[in-house]
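Student: I should like a close look at a single part of this model, namely the strand pairing within its sheets. Please then set that part in the context of the chain.
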Amino acid sequence: MGLGMVLGSHLSPLARSHIEQADVVFAALSDGVVEIWLERMHSDVRSLQSYYGDGTDKPRITTYREWVDVMMSEVRAGKRVCAVFYGHPGVFAWSPHEVIRVAREEGYAAHMEPGISAEDCLYADLGIDPGRTGCQHYEATQLLFYKTPLNPQAYLVLWQVGLVGDLSMKRFATGPEYRQVLVDVLARDYPLDHEAIIYRGATLPVQQPRIRTTTLRELPKIDISSEETVVLPPASTLISNDEVVERLRKLDQALDVPATAG
Ligand SMILES: C[S@@+](CC[C@H](N)C(=O)[O-])C[C@H]1O[C@@H](n2cnc3c(N)ncnc32)[C@H](O)[C@@H]1O
């Protein structure tokens, strides 16, 4: 289940009913207050937070595999299991997809119930329609690992910039030197004075979103938390594809489709 981003207000009636009807509920949430709120909905809520260990020595992927194992052990014991993740469980999250894959492979029925993700909040708070120019999303470290072609005509949304470049998969934050590497990679497609928006959506009903704007050049100097997402607006305008438009016009003429106004 996805719990959405804002405590209390983003949970869908369907997700709530899945939680209430489960035998056991696992929880990977944004903070302890949200866990306490979830506990009011079910008497057996088990937090997955402790699996992170003390955060120094344990690769995150080990933690995520343990989450899958602990959830599957209850499924194999015949329980009706619900796992609740903040935001959308399938957006930039490994374990929810993996546990569903494993469950289905073993013959159990498994379903992912979407939630309102940071992406949805970002579109609303920043006034971005991803359909206007197109929109590309990348996990920031993945963008450094692979030679990824970027499209500067579209929005670029970068997730997990707060720990960009963490090869160890053990850290929860990286410093300005690592953000500089990200900037150097982005500078191949974007001018250094291009706008970068650092966005944190509200997670409590009393909060407002935090929207900071800077330039790509200044990005390394700005601390970015694990709850922030970076957005680069398009750096160049869309270029019309005259050849294809002409082909469509001819097709319309051949099929006698009335010409559009203008
Ligand atoms: C592991 S992903 C989880 C995303 C989550 N599943 C969702 O649906 O939004 C964590 C990343 O989500 C983004 N994120 C998490 N909380 C956020 C918030 N309150 N505002 C903006 N972005 C957030 C950040 O990019 C963060 O590094």
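The answer below begins with the chain, follows the strands through their sheets, and ends with the domains and the ligand.

Tutor: The model is a predicted one, in which local features need pLDDT of at least 70, side-chain atom pairs count only at pLDDT 80 or more, and totals for chains, interfaces and linings use all residues. Residue numbers start from 1 along each chain, as its sequence is written.

The chain holds nine helices and eight strands; these are DSSP runs numbered from the N terminus, with helices being H or I of at least four residues and strands E of at least two. Taken along the principal axes, a box of roughly 65 × 55 × 40 Å is filled by the C-alpha atoms of the chain. Of the 262 residues, 29% are buried. Here a residue is buried if 20 or more other C-beta atoms lie within 10 Å of its own, exposed if 12 or fewer do, and partly exposed in between, with C-beta atoms placed from the backbone.

The five-stranded sheet deserves the closest reading. This open sheet runs in the order β4-β5-β8-β6-β7 and its pairing is mixed. Two strands count as paired if DSSP finds at least two bridges between them. The edges are taken by β4 (135–139) and β7 (210–215), each with a single partner strand, so one side of each has no neighbour in the sheet. From one strand to the next, the twist averages 20 degrees; axes are lines fitted to C-alpha atoms (for helices, over the stretch in contact), and angles run from 0 to 180 degrees between N-to-C directions.

Strand β8 (residues 229–232) has its residues facing two ways: Thr-229 and Val-231 point one way, Val-230 and Leu-232 the other, and all of them are buried. One of its partners is β5 (residues 155–159), joined to β8 in the antiparallel sense over three bridges. In this pairing Val-157 stands opposite Val-231, and Leu-158 stands opposite Val-230. Strand β6 (residues 195–200) also pairs with β8 in the antiparallel sense, again over three bridges. There Val-230 is the bridge partner of Ile-198. Val-230 thus stands opposite Leu-158 of β5 and is bridged to Ile-198 of β6.

The other open sheet has three strands in the order β2-β1-β3, with parallel pairing. At its edges stand β2 (45–47) and β3, each with a single partner strand, so one side of each is left without a neighbour in the sheet. The twist in this sheet averages 25 degrees from one strand to the next. Strand β1 (residues 24–28) and β3 are parallel and share five bridges, and Phe-26 stands opposite Ala-83 in that pair. Between β1 and β2, which also run parallel, there are three bridges, with Ala-27 opposite Ser-47.

Although β3 stands at an edge of its sheet, five of the five residues of this strand (residues 81–85) are buried, so the rest of the structure largely encloses it. Val-81, Ala-83 and Phe-85 point one way from β3, while Cys-82 and Val-84 point the other way.

The chain is divided into domain 1 (13–106) and domain 2 (118–232), bounds that come from an automatic or database domain assignment. Taken over C-alpha atoms, the centres of the two domains are 26 Å apart. Eleven residues of domain 1 are in contact with eight of domain 2, contact meaning that the C-beta atoms of two residues, placed from the backbone, lie within 7 Å. On the side of domain 1 that touches domain 2 there are four nonpolar, four polar and three charged residues. In this classification Ala, Val, Leu, Ile, Met, Phe, Trp, Tyr, Cys and Pro are nonpolar, Asp, Glu, Lys and Arg are charged, and the others, Gly among them, are polar.

The shell around the ligand takes at least three residues from each of the two domains. Of its 19 residues, Gly-87, Val-91, Ser-117, Ala-118 and Gly-201 come nearest, where near means that the C-beta atom, placed from the backbone, lies within 6 Å of the molecule or strand in question. By class, the shell comprises seven nonpolar, nine polar and three charged residues.

Finally, Pro-258 lies in the segment after α9 (242–254). Pro-258 is exposed, with 6 other C-beta atoms within 10 Å, and its C-alpha atom is 46 Å from that of Thr-215, 43 residues away along the chain.
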